[in-house]
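Hi there,

Here is the structure I promised to pass on to you. Have a look at it first, and then read on for what turned up in it.

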Amino acid sequence: MGAAERGGTFPGDLESLSAPVVAVPRVAAGPGAANPATRPRNIAVLDGVLDGASPFKDSARHIAVRAGLADFSRSTLGPYSEIAARVADALYEAVLPSSRSGTLHWPLLALMLATGLAFFVIRAGRGARGADGHERRVGLAEYLLPREIYTHPSARVDIGLYLLDRALMPLWLALGVGLIAPYVERWTLVAAQDLFGPGPALTVTLGWKLAYGLVTLLVADMIFYFTHLFGHRTRIGWAFHKVHHSAAVLTPLTRYREHFAEGILYAAGAAAGLGLCGGAFAYIVRGPITEITVMNLGIFVFLFAINGNFRHYHVSFRYPRWLERWLQSPGMHHVHHSYLPQHRDKNLGLVTSVWDRLVGTLYIGDPYEETPWGLEPNEQAHYSTFVQNVFNPFRDVYALLARNDTVSPKT
């Protein structure tokens, strides 16, 4: 999905998972000490988030001042505040999109085209789909950048929704960075101390850095799956998520095609996952821990991003069938965007296929089978323009509320 991978924001923006975690300093017990064992838990949480005790608050405030969020940072940024650097990144990328991170970073786009060229040679011109979702043999230019896809009205809508998503990114980061992530991180740390006592304060090693990156990605994958499932299995969720599925053709920008109201949900889920992992690793290790990065992406996110653009690219990139039972291939996401009955609500995973297997939403078909993209034709007509995709979800939700029918599975 787009965001869904986000997503836009998580949905989309997996680069946001590369944030550092800093163990919250243990405060010696004594008169007036902020000891979770002797103070009401809610007070301890508020102290950690709202007061000036965080050793990282000054640097976070400096970043926020440059981003124009100084007043906001004074009242909200806490132990997890180093991730606030993402606010400045988001503002920069709103002007010069994804120039330094993300799957739209130009080296990853170049790698996508180079991989597409290799597929063209190996497959003798097969493996690329047209705007109708049919695979066919074509020449090199149409294989890599088909005119019928990149001049399609849906591709132009992608551009508008992408710019709207980028413009709102600082708000989603402020929500997650300033409010949700610090609270979840602090609650996780306090809960761990209450249940298990003082943390082991282990020395940060290469293994712990790798573990932090992998665990964060797997937690993000789990949260993404169930948020995505909500978007498909409930009427009110589908009212907004259908914006992503209204893409009649797939381009790398389709990843960011989502309704801004849905972006709030994915941003909140991503922030909660980051806070949970941050609190857990702050409890376990001593000192700061950051995952290993390549091109400003966490190592595991980078490995995902290498083929991530193919999830919304017309050239099918598939893994061996046995591997697709464990990992989502980009070609499996082509199936997810198909409106054919056998493909509906299938392959909802972001990285792994584990949750799809457990819930029963996994579909592994023929690499060259037909996958016509978009909504069913009678519904597609109502989601073909930028204005329709922005405002029609609210119309649908109003109709659902009037009928008191917001939870039943969509048809």
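Phenylalanine 394 is partly exposed, with a relative accessibility of 38%. Its ring partner, phenylalanine 260, is also partly exposed, at 28% relative accessible area. The ring centres of phenylalanine 260 and phenylalanine 394 are 6.0 Å apart and the planes stand at 50°, so this is a tilted pair. Phenylalanine 260 belongs to helix H11 (residues 260-284) and phenylalanine 394 to helix H17 (residues 386-403), so the pair links distant parts of the chain, 134 residues apart. Please keep in mind while you look around that this is a predicted model.

How many aromatic pairs are there by the rule used here? The count comes to 14. Another of them joins phenylalanine 119 and phenylalanine 310, with 6.0 Å from centre to centre and 70° between the planes, and this pair is edge-to-face. Phenylalanine 119 sits in helix H5, while phenylalanine 310 sits in the loop between H12 and helix H13 (321-324), so the pair ties together parts that are 191 residues apart in sequence. Are these two rings buried or exposed? Phenylalanine 119 counts as buried at 14% relative accessibility, and phenylalanine 310 counts as buried at 1%.

The two rings also have company. Ring pairs link Phe119 and Phe310 with Tyr313, Phe317 and Tyr319 into a cluster. On top of that, the charged end of arginine 123 sits over the ring of phenylalanine 119, 4.2 Å from the ring centre. You can find a second arrangement of this kind at tryptophan 326, where the charged end of arginine 357 sits over the ring, 4.4 Å from its centre.

Now for the cores. The largest nonpolar core has 12 residues, including Phe119, Phe310, Tyr313, Phe317 and Tyr319. Met112, Phe120, Ala128, Val138, Tyr143, Leu144 and Val315 belong to this core too. Which elements give two or more residues to this core? They are H5 and helix H6 (140-144), and H5 gives the most, with three residues. Tyrosine 313 is a good residue to click on here. Leaving aside residues up to four places away in sequence, tyrosine 313 touches Met112, Leu113, Tyr143, Leu144, Tyr150, Leu250, Pro252 and His334. Apart from the largest core lies another one, of 11 residues, among them Phe224, Phe304, Leu350 and Val351.

Phe304 brings us to helix H12 (residues 299-308), where the buried residues are Val301, Phe302, Phe304, Ala305, Asn307 and Gly308. What covers them? The cover includes helix H5 (106-122), helix H9 (206-233), strand E7 (293-294), strand E8 (297-298) and helix H14 (330-336).

It is worth following H9 a little further. The axes of H9 and H12 come within 8 Å and cross at roughly 50°, and the two helices are therefore oblique to each other. On the H9 side, Leu210, Gly213, Leu214 and Leu217 meet Ile299, Phe300 and Val301 in H12. H9 also meets helix H10 (residues 235-245): their axes come within 6 Å and cross at roughly 100°, and H9 and H10 are therefore roughly perpendicular. In this contact, H9 contributes His228, Phe230, Gly231, His232 and Arg233, and H10 contributes Arg235, Ile236, Gly237, Trp238, His241 and His245.

Next, some loops. Most residues other than glycine have a negative phi. Alanine 124, however, has a positive phi, near 55°. Alanine 124 lies in the loop between H5 and strand E2 (128-129), and is partly exposed, with a relative accessible area of 47%. Aspartate 345 has a positive phi as well, near 60°. Its place is the loop between H14 and helix H15 (354-359), and at 17% relative accessible area aspartate 345 is buried.

One last stop is arginine 325, in the loop between H13 and H14. Arginine 325 is partly exposed, with a relative accessible area of 40%. Its C-alpha atom is 8.9 Å from that of aspartate 356, although the two residues are 31 residues apart along the chain. Not counting residues up to four places away in sequence, arginine 325 touches Ser353, Arg357, Leu362 and Ile364. Arg357 is the arginine whose charged end sits over the ring of tryptophan 326.

Enjoy exploring!

Best wishes

Definitions and conventions:
Residues are numbered from 1 along each chain as its sequence is written. This is a predicted model: local features need pLDDT of at least 70, side-chain atom pairs count only at pLDDT 80 or more; totals for chains, interfaces and linings use all residues. Side-chain values use heavy atoms; hydrogens and water are left out. Buried means under 20% relative accessible area, exposed over 50%, partly exposed in between (1.4 Å probe, protein chains only). Helices (H or I, at least four residues) and strands (E, at least two) are DSSP runs, numbered from the N terminus. Contact means heavy atoms within 4.5 Å. Rings of Phe, Tyr and Trp (its six-membered ring) pair if their centres lie within 6.5 Å; planes under 30 degrees apart count as stacked, over 60 as edge-to-face and the rest as tilted. A charge sits over a ring if NZ of Lys or CZ of Arg is within 6 Å of the ring centre and within 35 degrees of the ring normal. A nonpolar core is a set of buried Ala, Val, Leu, Ile, Met, Phe, Trp, Tyr and Cys residues joined through side-chain atoms within 4.5 Å. Axes are lines fitted to C-alpha atoms, for helices over the stretch in contact, and angles run from 0 to 180 degrees between N-to-C directions. Angles under 35 degrees count as roughly parallel, over 145 as roughly antiparallel, 65 to 115 as roughly perpendicular and the rest as oblique.
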